[in-house]
Amino acid sequence: MGRRRGAVAALAAVLAAVVTVAVSAPVSTAASAQDLRLPVLVPLTGFVALEGTSQRNGALLAASQMRDVVLKPDVLDTQATPEAAVTAWERVMGGAPSPAVVGPILGTQMLALLPLAQERGVPLLAISGTTRLGELGNPWFFRFFPSDATVKVAHARYIVEKLSAKRPAVIYQSTAYGQSGREQLAKTLTALKAPPVLEESIAPTVNDLSPALLRAKSANADVIVLHLHAASTVLAVRQARQLLPDLPIVAGSAMHQPATAALLEPAELKGVCAETAASPISGTSQPMRDFLTAYRAAYGSDPDAFAAAQFDAVHMLGHVLGELARAKQPMTPAAVQARLASEEWKGVVTTYKSDGKGNMAHEAEIICYDGTSRVPVLAARYNLR
């Protein structure tokens, strides 16, 4: 236990040391190359630092591979509050014009930035799962990770259809992300005739989930359903394995992250599954293997679905900008918005196409751990177009 706590503390120290940086992509030798600034606003400190760091890495890796244009990322830490995200937005908007902006994974921050993006007329490339983001009618919003309305349907269907569970206990984060997921889970589980026997809200600062888990036991739950950020997910799984060792766990996308799994022993992961858009370390397609190899070479670690989705988002942006350059059309935010809203594009994770609300990704996977390894295997895939 002491060794794990030391690892967590060391990881937190590394993440806390990350400060606002500006990173330049290599200059392309292509004759048609043009330098364009790409603001990357992501949480590098705070309770979603793991997810934000994955975002940043995916965006920078994609920018480094551009050929028709040179994207020069300008990375700012949005920390973990809407106010910090707005401050970062105001800073980048005071600089050189940008054809698009990478927005933070945290739903509350995206909710604060969307009106600003609409006012400015700049596409906001996001991977936040909060369902409400796609319901605001904002034409500048483009989400490259499946929304909770997609992944939570897969999450609930797996619980009922594959595990034959009838009494799920849902433990969710008190953030906008958690509330969005809880709403979708409750709706779908109820429709599948397996309404939650317990719904427990957990603040990101809570460091003991045993009361919630014991209430799930008292409610005679037959599966633990988690929709939590990475740190809370680790705590929930560890304590569940101590208190409810035989109960299956189906977690949210934070659990698929290699950085999350690394904080748990393989034996603790036995019987644990998670919803996600993809698991790059489990991927079998050549594009995914190529992405995995490039990411490992660049960062010395394994990528997650957040990194892969952000990688795809920036690559689609590069594709759109390249088309505009070849057509000798201005690479304006409006031109980029029009193409993102209408074009279909195949990335390493999925084929992206807007549903008219800015939701670009429409597939989800369930991955599971067997207790012998931290590398999960694909258990089910759902196409929810």
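These questions and answers walk through a predicted model.

Trainee: What is the strand order of the open sheet of 7 strands?

Mentor: Start with the pairing, which is mixed in this open sheet. The twist averages 20° from one strand to the next. Read across the 7 strands, the order is E8-E7-E9-E10-E11-E14-E15.

Trainee: Which are the edge strands of that sheet?

Mentor: An edge strand pairs on one side only. Look at the two ends of the order E8-E7-E9-E10-E11-E14-E15. The edge strands are E8 (198-202) and E15 (377-383).

Trainee: In which sense do E7 and E8 pair, parallel or antiparallel?

Mentor: Take one pair of residues to find the place: Gln-173 stands opposite Ile-202 in E8. E7 and E8 are joined over 5 bridges. Their sense is parallel.

Trainee: How many bridges join E14 to E15?

Mentor: These two strands run antiparallel. One partnership is between Cys-368 and Val-377, the latter in E15. The number of bridges joining E14 to E15 is 6.

Trainee: What is the bridge partner of Thr-276 in E14?

Mentor: E14 also pairs with strand E11 (residues 272-276). That pairing is antiparallel, over 4 bridges. In E14, the partner of Thr-276 is Glu-365.

Trainee: How many of the 6 residues of E14 are buried?

Mentor: Strand E14 covers residues 363-368. A residue is buried when its relative accessible area is under 20%. The strand is mostly covered, and its buried residues number 5.

Trainee: Now the helices. Why is H2 called largely enclosed by the rest of the structure?

Mentor: H2 has 16 residues and reaches 22 Å from its first C-alpha to its last. That is close to the 22 Å expected at 1.5 Å a residue. H2 is largely enclosed because its buried residues number 15 of the 16.

Trainee: At what angle do H2 and H11 pack?

Mentor: Helix H2 takes in residues 49-64. It passes H11 in a right-handed crossing. The axes are 7 Å apart, and the angle is about 35°.

Trainee: How many charged residues has the contact of H2 with H11?

Mentor: On the H2 side, the contact includes Glu-51, Gly-58 and Leu-61. On the H11 side, it includes Phe-306, Gln-310 and His-315. By class, there are 8 nonpolar and 5 polar residues, and the charged count is 1.

Trainee: Is Ser-210 buried or exposed?

Mentor: Ser-210 sits in helix H7 (residues 210-218). Leaving out residues up to four places away in sequence, Ser-210 touches Gln-239 and Leu-243. Its relative accessibility is 16%, and the cut-off is under 20%. So Ser-210 counts as buried.

Trainee: What is the relative accessible area of Ser-164?

Mentor: Ser-164 lies in the loop between helix H5 (148-162) and strand E7 (168-173). Its phi is near 55°, a positive value in a residue other than glycine. Ser-164 is exposed, with a relative accessible area of 52%.

Trainee: Where is Lys-328?

Mentor: Phi of Lys-328 is near 55°, positive in a residue other than glycine. Lys-328 counts as exposed, at 75% relative accessibility. Its place is the loop between helix H11 (305-326) and helix H12 (333-342).

Definitions and conventions. Residues are numbered from 1 along each chain as its sequence is written. This is a predicted model: local features need pLDDT of at least 70, side-chain atom pairs count only at pLDDT 80 or more; totals for chains, interfaces and linings use all residues. Side-chain values use heavy atoms; hydrogens and water are left out. Buried means under 20% relative accessible area, exposed over 50%, partly exposed in between (1.4 Å probe, protein chains only). Axes are lines fitted to C-alpha atoms, for helices over the stretch in contact, and angles run from 0 to 180 degrees between N-to-C directions. A crossing is left-handed if the near helix is turned anticlockwise from the far one by less than a right angle, and right-handed if clockwise. Contact means heavy atoms within 4.5 Å. Ala, Val, Leu, Ile, Met, Phe, Trp, Tyr, Cys and Pro count as nonpolar, Asp, Glu, Lys and Arg as charged, and the others, Gly among them, as polar. Two strands pair if DSSP finds at least two bridges between them. The expected span of a helix is 1.5 Å times one less than its number of residues.
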